[in-house]
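Subject: Structure handover

Hello,

Here is the structure you are taking over. Please have it open while you read the notes that follow.

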Amino acid sequence: MGTGSVRVDGNALHVGEGVQIRFIRTLRLPESGTHSLPPGLGEFPLRRVEDYPDTVPPEWLVKGGVMLPVYLREAMWLSFGGTRTPTALQVGVGKVCAVSGERWSGRLARTPQNYVVLPRQPWLDGINSGDGTVRQFVAVPLGLGATVEGQVTGEETTGGVQLQAFPLGREALAQWHRAERARLTPPPPPAGGEGLYGAPPVQAAMGGGFGGPVPAPMMAPPAPGAAPRGARPGGGRPGPPAAPAMGLGVGGSMHQEVYRDERPLSDWAEEPGGRIFVHLVTPPAWRRITGEEAPPSPVDRAAYTKAGLPWFDYYDDSAADLAPTDTLSGVKPVGDWLGDDHTPWAEPAPGQVKPLGSAPRPGKPVQDGDW
């Protein structure tokens with residue numbers, strides 16, 4: 001069983017103290033070339049597994065956690081906007097680390113680094129492919145060998161997404177708080193009483209002195225067509241059938257750095273502040289389990305680009321990119337397993353690519369389990 005706490009508030013996960021994670025729907029990139037960051041198209045709805053004991057597969061109740069609906073070959077990214085305090089976050093795809101390519105260990109490591117540092121890492125769109133790029137997260141069923149899990153381990157038995165957050169240790173956290181108080185304390189007024197009396201101190205929405213808040217265009221709107229919160233299915237149903245198991249493979253490449261941790265490993269706590277298993281559910285299974293309709297499939301890429309909506313480039317010149325790992329660099333895209341995507345690709349115009357960078361606990365607790 002995991003330690004610490006996880007809460008779900010609407011479509012946001014709060015893991016441990018101060019970590020906020022949302023799963024964002026997005027456009028799937030072509031598997032050739034390297035592209036700008038695709039836009040967010042709303043949040044995936046999240047539901048607690050424990051709220052549906054009569055309709056989820058029994059093994060999901062053992063693992064606990066939350067679930068979200070995803071279409072075959074639908075892409076997603078993880079948003080960490082709203083995270084306040086420095087945190088080391090492990091991201092597993094089928095219990096394979098999305099940063100290092102190593103099997104899930106449950107412990108932080110530096111050779112290779114197996115976590116991202118929040119809030120400096122504002123989002124994660126895929127597995128680390130090094131040289132300032134990631135390969136996009138794309139949903140595929142287990143059993144074909146197309147998932148990252150299947151290609152790295154030779155087995156597909158876990159699926160889903162695994163998250164585990166480590167806070168700073170006691171001394172490092174106290175030092176960070178002292179630095180934050182000093183940073184946010186306004187300077188004394190000039191001699192003679194003249195100056196900016198009443199001027200508020202600067203507020204860093206992301207915390208930690210790692211830059212400003214994520215600009216408004218990246219904030220995801222509510223998922224289109226999402227069902228009302230708290231919707232429940234009808235009465236109990238005996239013997240729920242097994243749901244199709246889904247995992248994450250990889251799609252196209254995009255410009256995104258996975259930042260190297262500049263802190264000593266000893267700064268981080270030895271035990272996680274919270275962990276969570278995220279089950280990926282097909283839309284038919286989502287309907288059967290929750291009684292809700294899944295959000296409609298995202299708008300096609302050509303329509304989005306034709307409308308002139310933005311794509312993004314993010315750059316932080318004070319952070320260093322992690323090198324690629326041999327394990328993850330060999331993962332093949334889902335098109336190699338499922339066939340080519342024949343949807344026409346429309347490149348965004350230069351003016352559509354926007355530069356970004358240098359920016360009481362709500363909800364219900366989520367039950368953890370054995371995984």
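The coordinates are those of a predicted model. My notes go through it by element.

Open sheet

Strand β7 (residues 66-69) and strand β16 (residues 274-281) run parallel and are joined by four bridges. Within this pair, V66 is opposite V278 of β16. Helix α4 (residues 283-290) packs on the sheet and touches β6, β7 and β16. The direction of α4 makes about 130 degrees with that of β7.

Both β7 and β16 belong to an open sheet of six strands, ordered β6-β7-β16-β14-β9-β10, with mixed pairing. Its edges are β6 (47-48) and β10 (116-118); each has a single partner strand, so one side of each has no neighbour in the sheet.

N-terminal hairpins

Strand β1 (residues 6-9) and β2 run antiparallel, with four bridges between them. V8 has L13 as its bridge partner in β2. The two strands make a hairpin with two residues between them, and G10 in that turn has a positive phi of about 65 degrees.

β2 also pairs with strand β3 (residues 19-26), again over four bridges and in the antiparallel sense. Here L13 stands opposite I21 of β3. This second hairpin has three residues between its strands, and G16 in the turn has a positive phi of about 65 degrees.

Which way do the residues of strand β2 (residues 12-15) point? A12 and H14 point one way, L13 and V15 the other, and all are buried.

Nonpolar cores

The largest nonpolar core has 47 residues, and the members that touch the most others are L13, F23, M76 and L163. L13 is thus named both here and as the residue opposite I21. Leaving aside residues up to four places away in sequence, the contacts of F23 include L13, M76 and L163. Also among the residues that F23 touches are G42, E43, F44, L46, L68, W77, L78, V161 and V278. V278 is the β16 residue that stands opposite V66.

There is a second, separate core of 11 residues; Y52, V56, M67 and A294 are among them.

Helix α3

Does the length of helix α3 (residues 170-184) agree or disagree with what its residue count predicts? Its 15 residues should span 21 Å at 1.5 Å a residue, and the end C-alpha atoms are 21 Å apart, which agrees. The buried residues of α3 are A172, W176 and E180. They lie on the same side of α3, because the arc they cover around the axis is only 75 degrees. R170, E171, Q175, R181 and A182, on the other side of α3, are exposed.

Strand β12 and its hairpin

Strand β12 (residues 126-130) has five of its five residues buried, so the rest of the structure largely encloses it. β12 pairs with strand β13 (residues 133-141) over four bridges in the antiparallel sense, and the bridge partner of G130 in β13 is T133. The two strands form a hairpin with two residues between them. One residue in that turn, D131, has a phi near 55 degrees, which is positive although D131 is not a glycine. Is D131 buried or exposed? D131 is exposed, with a relative accessible area of 68%.

Backbone points to check

R73 is another residue other than glycine with a positive phi, about 70 degrees. R73 lies in the loop between β7 and β8 (75-79). Its relative accessible area is 14%, and under 20% counts as buried, so R73 is buried.

There are also cis peptide bonds to note. One joins T111 and P112, with omega about 0 degrees; P112 lies in the loop between β9 (87-93) and β10. Another runs from L118 to P119, with omega near 0 degrees, and P119 is in the loop between β10 and β11 (123-124). β10 itself is one of the two edge strands of the open sheet.

Regards

How values were computed: Residues numbered from 1 in each chain as written. Predicted model: local features only at pLDDT ≥ 70, side-chain atom pairs only at ≥ 80, totals over all residues. Heavy atoms only, no water. Pairing = 2+ DSSP bridges. Contact = heavy atoms within 4.5 Å. Axes fitted to C-alpha atoms, helices over the stretch in contact; angles between N-to-C directions. Buried < 20%, exposed > 50% of the residue type's maximum accessible area, 1.4 Å probe, protein only. Expected span 1.5 Å × (residues − 1). Arc of directions from axis to C-beta. Core = buried A, V, L, I, M, F, W, Y, C linked by side-chain atoms within 4.5 Å.
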